Amino acid sequence: MDVRPFDALLLVSFGGPERPEDVVPFLENVTAGRGIPRERLEEVGQHYFLFGGRSPINDLNRELLDALREDFAANGVDLPIYWGNRNWDPYLRDAAAQMAADGVQRAACFVTSAYSSYSGCRQYREDLYDATTGVQVELSRLRHYFNHPGFVGPFTEATSEALATAPAGTHVVFVTHSIPTSMNEASGGPGREAYQRQHESVAAMVADGAGAEQWSLAYCSRSGSPHMPWLEPDINDHLRELHRQGTESVVVVPIGFISDHMEVIFDLDTEARATAEELGLRFERVETPGAHPDFVAMIRELLGERAAVERGEPVERVALGDIPAWPDLCPTDCCLNPRSSKPTIGSADFAIGPA
Ligand SMILES: CC1=C(CCC(=O)O)c2cc3nc(cc4[nH]c(cc5[nH]c(cc1n2)c(C)c5CCC(=O)O)c(CCC(=O)O)c4C)C(CCC(=O)O)=C3C
Ligand SMILES: [Fe+2]
């Protein structure tokens, strides 16, 4: 596979604490200037302490890096892979400095967030701009992949498997991270609500592919001030409502997340499972893509696709469902956040489809 003009791949992620002493400084990094109430931070700190002060996210990224290096080797892609996080060591700015020191000139960036939102799109593009100030390396963010078969496929496969052994009448609950409704409004551009639309599209595709008879979309991990509206229903309220309507069994599909990090192991496997047990609901959570070979191959394919675009060659962009493949560059007004007016990488002056 021809990867020119890229001479590196950068894995871009959120980061997480690895020791109890890391938890508070990590939370301070995440919430700097974000207006999260103190009580919420103390509560989230407890989630991390429950797991020994160690988030699974960095180890999951190490597994993904190993799988990517194997996949590249098996497919004759000779490209170094770097890793940098927004909120914890290894930090993005250190990765950028290391690339520059190693003589890397153009790196393609794969972000571990599949959908459009300030948190998953623009904030990473701000971080990538920031990481290269004073550093001689050009960064290109690979497109959002929520509708790529390498992302939708593993969820469909895992949901089919779960439904094969689940009792008749099982309800499939798709789950993603809640965000403020104002952040959803701004996703993809003012009024476009790309975050919610993308999730509805993925949920419908997975439900259809797995033969789910009853399904819905719910949200987890609500934060912020209780006065600010966030996307609903919350998974726990939703399980209560489903139970009230007579549902006896649920299969939970965390389509908002690429791997089993803290939101999945605490908010779903611990908290939502406890709610289900209290109600007497059968509860099964299906796996996230993690280091699934199709997901890993997708990263290589996105890299090859973008490299061809940069060389000026025609490409065929794979995308499933009713939303076209997301463009390589985001519109200038994509995923704006009124609290931030930082410069970003990866945007151009155009609009995406009708709002
Ligand atoms: C859309 C979205 C994703 C999915 C896309 C993606 O994967 O990127 C995501 C992922 C993650 N979020 C994570 C952790 C946290 N997120 C927080 C806070 C927030 N997340 C938000 C949104 C998202 N977050 C928002 C709108 C806030 C409020 C503050 C703000 O407006 O920015 C807080 C502060 C405490 C709290 O407020 O809950 C923490 C600790 C971890 C690491 C997990 C681990 O350690 O294993 C991961 C992967
Ligand atoms: Fe988050």
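Domain bounds in this report come from an automatic or database domain assignment. On that basis the protein is divided into domain 1 (8-145 + 291-348) and domain 2 (149-285). The structure is a predicted model, in which local features need pLDDT of at least 70 and side-chain atom pairs count only at pLDDT 80 or more, while totals for chains, interfaces and linings use all residues. Residues are numbered from 1 along each chain as its sequence is written, and chains are lettered from A and ligands numbered from 1 in the order in which they are written.

**Domain contact**

The centres of domain 1 and domain 2, taken over C-alpha atoms, are separated by 23 Å. Domain 1 contributes 35 residues to the contact and domain 2 contributes 30 residues, two residues being in contact if their C-beta atoms, placed from the backbone, lie within 7 Å. On the side of domain 1 that touches domain 2, at least two residues each are supplied by helix 2 (38-50), helix 3 (57-74), helix 5 (118-131) and helix 11 (293-310). Helices are DSSP runs (H or I, at least four residues), numbered from the N terminus. Helix 11 provides the largest share of this side, 5 residues.

**Ligand shell**

Ligand 1 is surrounded by 26 residues, of which the closest are G16, S55, S223, H261 and M262; a residue is near a molecule if its C-beta atom, placed from the backbone, lies within 6 Å of it. Each of domain 1 and domain 2 gives at least three residues to this shell. Helix 1 (20-31), helix 2, helix 5 and helix 10 (262-279) each supply at least two residues, and helix 1 gives the most, with 3 residues.

**Helix 9 and helix 10**

Helix 9 (residues 235-244) packs against helix 10 at an angle of about 20°, with the axes 9 Å apart. Axes are lines fitted to C-alpha atoms, for helices over the stretch in contact, and angles run from 0 to 180 degrees between N-to-C directions. The two helices are therefore roughly parallel to each other (angles under 35 degrees). In helix 9, I235, N236, L239, R240 and H243 meet E271, A272, T275, A276 and L279 of helix 10.

**Residue classes**

Ala, Val, Leu, Ile, Met, Phe, Trp, Tyr, Cys and Pro count as nonpolar, Asp, Glu, Lys and Arg as charged, and the others, Gly among them, as polar.

| Region | Nonpolar | Polar | Charged |
|---|---|---|---|
| Side of domain 1 that touches domain 2 | 21 residues | 9 residues | 5 residues |
| Shell around ligand 1 | 9 residues | 14 residues | 3 residues |
| Contact of helix 9 with helix 10 | 5 residues | 3 residues | 2 residues |

Methods. Parallel < 35°, antiparallel > 145°, perpendicular 65-115°, else oblique.
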